[in-house]
Amino acid sequence: MGYSGARGGLEAILAAEDLVRRARDQAPAPWMPTGQITARMRLLVDRVMGEGGLYHEDTAAAALRQAEGDPLEASHLVRAHRSTLPRLAVSEPVDPDEMTILRRVVPAFREPDGPQLLGRTTDYTGRLLEQPDGQPEARPHEPGPARERTAEQRTPRRFLDLLRKMDLVADQRRTDDPDPVDITRKPARPPADRSAVLASMARAETGGLVALWYRSILGPDGDIHEVTLGDVRHGRVPLRVRHPHTGNPVTLGEFRVSEAEAIENLDGADEDRTRLDVGYGLCFGHNERKAIAMANLDIANRRFGRTGPLGQLLLLTVDGLDSAGFLEHLKLPHYVTFRSIVERKQAMRTAAEAGEGPAERVAEPAGKEC
């Protein structure tokens, strides 16, 4: 692949940037403040925080406004901004069981320990488009009598605990406790630890991850999946760091996460068919779609990642900045590349017209680096 430097287009590039700024910043519409973006487009903000790898709602909202609503471009801005920030401390591991639950459903079991809490969702809402002329009037709302929630309701036991109590789960827990791979400092390459795969999925482009999940679940590689969901949660977990002088953990605040546990029937020839496997997914913000895809793909990668392409796909193809960046670069000048292709075609045609047969092609040996 060849490239050539683009010269002489600086004025055109600056004019294009100016056109974007004027059309965006001086549009004939009221300015959209950051608070309005975070309040009315919370799911989009959460998605940008997850794909950008930085939990800060105002930064994600500002990026969305600058990117004119393009989530991939906004994630790129957030990740670039993140790279300029100093790393002041490393947070302590978070126990998801400490989550203050805002929403929790268990599709696999009607009456699990603790509540089925629908929370803020449109799962059961008809998809009918509403086009109000202005802000809808506030609906009358009379809050019912406050009910004190018990400790079991605030932090319910996991459905997975019930399955383990019934001895129905294949135990995939390790006896050691290795440090998780920091993919922001060291690119993950196959074969990689489970923590690297989960981190790659947590930062993946949501649509790309869901598409890969759908391909996996349909079974084009011959892998059969019989999956249901255990806990699906959205809530707040604490952010803690070590105090630089005392060394004690200090809680600095909270951040929201989505968490999912998927259950899959084990039916392979070399698997324990009397048990189930459980996969895990957790990501920034309210993005259940990504968390569920993560949990399902976590199982699929454990079962089939070593023998098929799934592990490589999860590590190398789901990052939105990687895939979209490669796609976008095609718009840059490729004069040398295309001229090389044209000249090869012309040479082959000339040789054919002269009665010369095509040269015999010799396959490159496997593993040779070009």
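Which handedness, left or right, does the crossing of H3 and H5 have? To find out in this predicted model, select helix H3, residues 42-52, together with helix H5, residues 71-82, whose axes come within 8 Å of each other and cross at roughly 50°. The crossing is right-handed, and since angles from 35 to 65 degrees fall outside the parallel and perpendicular classes, H3 and H5 are therefore oblique to each other.

Keep both helices selected and show their side chains. On H3 the contact is made by Leu44, Arg47, Val48, Glu51 and Gly52, and on H5 by Pro71, Ala74, Ser75, Val78, Arg79 and Arg82. Coloured by class, the residues of this contact divide into five nonpolar, two polar and four charged.

Just before H5, select Glu68, which lies in the loop between helix H4 (57-66) and H5. Most residues other than glycine have a negative phi, whereas phi of Glu68 is near 55°, a positive value in a residue that is not glycine.

Now widen the view to the domains. Colour residues 14-84 as domain 1, and give domain 2 another colour over its three segments, 96-118, 156-173 and 180-324. The centres of the two domains, taken over C-alpha atoms, are separated by 28 Å. Where domain 1 and domain 2 meet, 16 residues of domain 1 are in contact with 18 residues of domain 2, and the two domains bury about 1,400 Å² between them, of which 56% is on carbon and sulfur atoms.

Moving along the chain, select Pro190 and Pro191 and display the backbone. Most peptide bonds are trans, but the bond from Pro190 to Pro191 is cis, with omega near -5°. Pro191 lies in the loop between helix H7 (159-165) and H8.

From that loop, continue into helix H8, residues 194-202, and add helix H10, residues 288-304, to the selection; the two helices pack at an angle of about 150°, with their axes 10 Å apart. That angle makes H8 roughly antiparallel to H10, and H8 passes H10 in a right-handed crossing.

Which residues of H8 and H10 make the contact? From H8 they are Arg194, Val197, Leu198, Met201 and Ala202, and from H10 they are Lys290, Met294, Leu297, Asp298, Asn301 and Arg302. Coloured by class once more, the contact of H8 with H10 has six nonpolar, one polar and four charged residues.

Conventions:
Residues are numbered from 1 along each chain as its sequence is written. This is a predicted model: local features need pLDDT of at least 70, side-chain atom pairs count only at pLDDT 80 or more; totals for chains, interfaces and linings use all residues. Side-chain values use heavy atoms; hydrogens and water are left out. Axes are lines fitted to C-alpha atoms, for helices over the stretch in contact, and angles run from 0 to 180 degrees between N-to-C directions. Helices (H or I, at least four residues) and strands (E, at least two) are DSSP runs, numbered from the N terminus. Angles under 35 degrees count as roughly parallel, over 145 as roughly antiparallel, 65 to 115 as roughly perpendicular and the rest as oblique. A crossing is left-handed if the near helix is turned anticlockwise from the far one by less than a right angle, and right-handed if clockwise. Contact means heavy atoms within 4.5 Å. Ala, Val, Leu, Ile, Met, Phe, Trp, Tyr, Cys and Pro count as nonpolar, Asp, Glu, Lys and Arg as charged, and the others, Gly among them, as polar. Domain bounds come from an automatic or database domain assignment. Buried area is the accessible area (1.4 Å probe) that two parts lose on being put together, summed over both.
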